[in-house]
Amino acid sequence: MCQAYKLSMTQAEGYVWFLPGWYKEGWYDLDNLKNNQKEKETPNDDTNDDDEGLTALKYLPDCKTSEMLRALDGALSLVHNNYAPDDSFTVGNISVGEWKGKLKKELDKRMKSYLLKERSTSFDFEDGNKPNKYSGYVYDAVWLYALALDKLMKVDKALVQDLHSEKAMAAFVKIIKEQDFEGVSGRINFQDGHSRLSEINILQLEVFDQL
């Protein structure tokens, strides 16, 4: 987007940009990222790992944050809807809203315990106690495998004794494809292909003047 700004190829000039929806918050704030780099520079001039991970670039683009915002104004993003409506009920007989509340409570508890212990640099609560956007998918995946395995055992218990066999795997995959239930992330089924259907949100970035 920095290059788009320099080449006058932004929404203001009639161009339309579709951006990935998985960028981390603040990835465009180059002023802040550059300041962080200067503060954490080492004698061998290594790039800060956090900033490099935020942008996926070893060297930051030669643009200001204000220029990035001008380039991003009006850009579009297609992102998966990570959660079903809060009032919808899941296969676990719990609403999505209730599940979110339980997850937050558990994360708060683990975060508190984590802060009281001697911490290792190999692990960190990257976003504090904020749940990962893929949390709902993981929960639904566990339910998917549990339901499929339960049905497989009811069909033929002998298949469970050797799940890696060609016969067992074929039966297991067939049962997975037949599953259809409501999960935290929405409806789970694979009736139209190998990937589940999911709702897509179309987002448009709008930059407001700072007061």
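**Notebook: loops, cores and salt bridges**

**Entry 1. Serine 8**

I began with serine 8, which I located in the loop that joins helix 1 to strand 1 (18–19). I note at once that the model is predicted. I looked up the backbone of serine 8 and found a positive phi of about 55°, although this residue is not a glycine. I then asked how far serine 8 is covered: its relative accessible area is 40%, so I entered serine 8 as partly exposed.

**Entry 2. Asparagine 93**

I turned next to asparagine 93, where phi is again positive in a residue other than glycine, with a value near 60°. Asparagine 93 also sits in a loop, here between strand 2 (76–80) and helix 5 (96–116). Is asparagine 93 buried or exposed? I recorded asparagine 93 as exposed, because its relative accessible area is 63% and the class begins over 50%.

**Entry 3. The chain as a whole**

I stepped back to list the elements. I counted eight helices and five strands in the chain. Read from the N terminus, their order is α-β-α-α-α-β-α-α-α-α-β-β-β.

I then looked up totals. The chain has 211 residues, of which 28% count as buried. Its accessible surface comes to about 15,300 Å², and carbon and sulfur atoms account for 53% of that area. For contacts between residues at least 6 apart in sequence, I noted that 65% join residues at least 24 apart.

**Entry 4. Helix 2**

Which residues of helix 2 are buried? For this helix, residues 30–39, I listed Leu30, Leu33 and Gln37. I viewed helix 2 down its axis and found these buried residues within an arc of 65°, so they line one face of the helix. On the other side of helix 2, I found Lys38 and Glu39 exposed.

**Entry 5. The nonpolar cores**

I kept a general point in mind here: in soluble globular proteins, nonpolar side chains tend to be buried together.

The largest nonpolar core has 13 residues. The members that touch the most others are Met1, Leu19, Trp27, Leu30, Cys63, Met68 and Leu72. I asked which elements supply two or more residues to this core, and entered helix 1 (2–6), helix 2 and helix 4 (65–72). Helix 4 gives the most, with three residues. Leu30 thus appears twice in my notes, as a buried residue of helix 2 and as a member of this core.

I followed leucine 19 further. Leaving out residues up to four places away in sequence, I found that leucine 19 touches Met1, Trp27, Leu72, Ala75, Leu76, Ser77, Leu78 and Leu205.

Apart from the largest core I found another, made of 11 residues. Among them are Ala148, Ala168, Phe172 and Phe181.

**Entry 6. A nonpolar patch on the surface**

I searched the surface and noted a nonpolar patch of about 530 Å². Val16, Phe18, Leu78, Ile200 and Ile202 make this patch. Leu78 is also one of the residues that leucine 19 touches.

I chose isoleucine 200 for a closer look and placed it in strand 5 (residues 200–204). Its relative accessibility is 44%, so I classed isoleucine 200 as partly exposed.

**Entry 7. Salt bridges**

I noted a general rule before this search: side chains of opposite charge can pair when their charged atoms come close. How many salt bridges does a search of the whole structure find? I recorded eight.

I examined helix 5 for the pair aspartate 108 and lysine 104, whose closest N and O atoms are 3.0 Å apart. These two residues stand four apart in helix 5, which means that about one helical turn separates them. Both ends are partly exposed: aspartate 108 has 27% relative accessibility, and lysine 104 has 47%.

Glutamate 106 and arginine 110 form another salt bridge, with closest N and O atoms 2.9 Å apart. They too are four residues apart in helix 5, and about one helical turn lies between them. I entered glutamate 106 as partly exposed at 29%, whereas arginine 110 counts as exposed at 52%. Where does this pair lead? I found Glu106, Lys109 and Arg110 linked in a network of salt bridges.

My last entry concerns aspartate 180 and arginine 187, whose side chains meet in a salt bridge at 2.7 Å, N to O. Aspartate 180 is partly exposed, with 35% relative accessibility. Arginine 187 is likewise partly exposed, at 43%.

Technical notes. Residues are numbered from 1 along each chain as its sequence is written. This is a predicted model: local features need pLDDT of at least 70, side-chain atom pairs count only at pLDDT 80 or more; totals for chains, interfaces and linings use all residues. Side-chain values use heavy atoms; hydrogens and water are left out. Buried means under 20% relative accessible area, exposed over 50%, partly exposed in between (1.4 Å probe, protein chains only). The arc is that of the directions from the helix axis to the C-beta atoms. A nonpolar core is a set of buried Ala, Val, Leu, Ile, Met, Phe, Trp, Tyr and Cys residues joined through side-chain atoms within 4.5 Å. Contact means heavy atoms within 4.5 Å. Patches are made of residues with over 30% relative accessible area and no salt bridge: like charges are joined within 9 Å, nonpolar side chains (Val, Leu, Ile, Met, Phe, Trp, Tyr) within 5 Å. Accessible areas come from the Shrake-Rupley method with a 1.4 Å probe; for residues, only the protein chains shown count as cover. A salt bridge is a side-chain nitrogen of Lys or Arg within 4 Å of a carboxyl oxygen of Asp or Glu.
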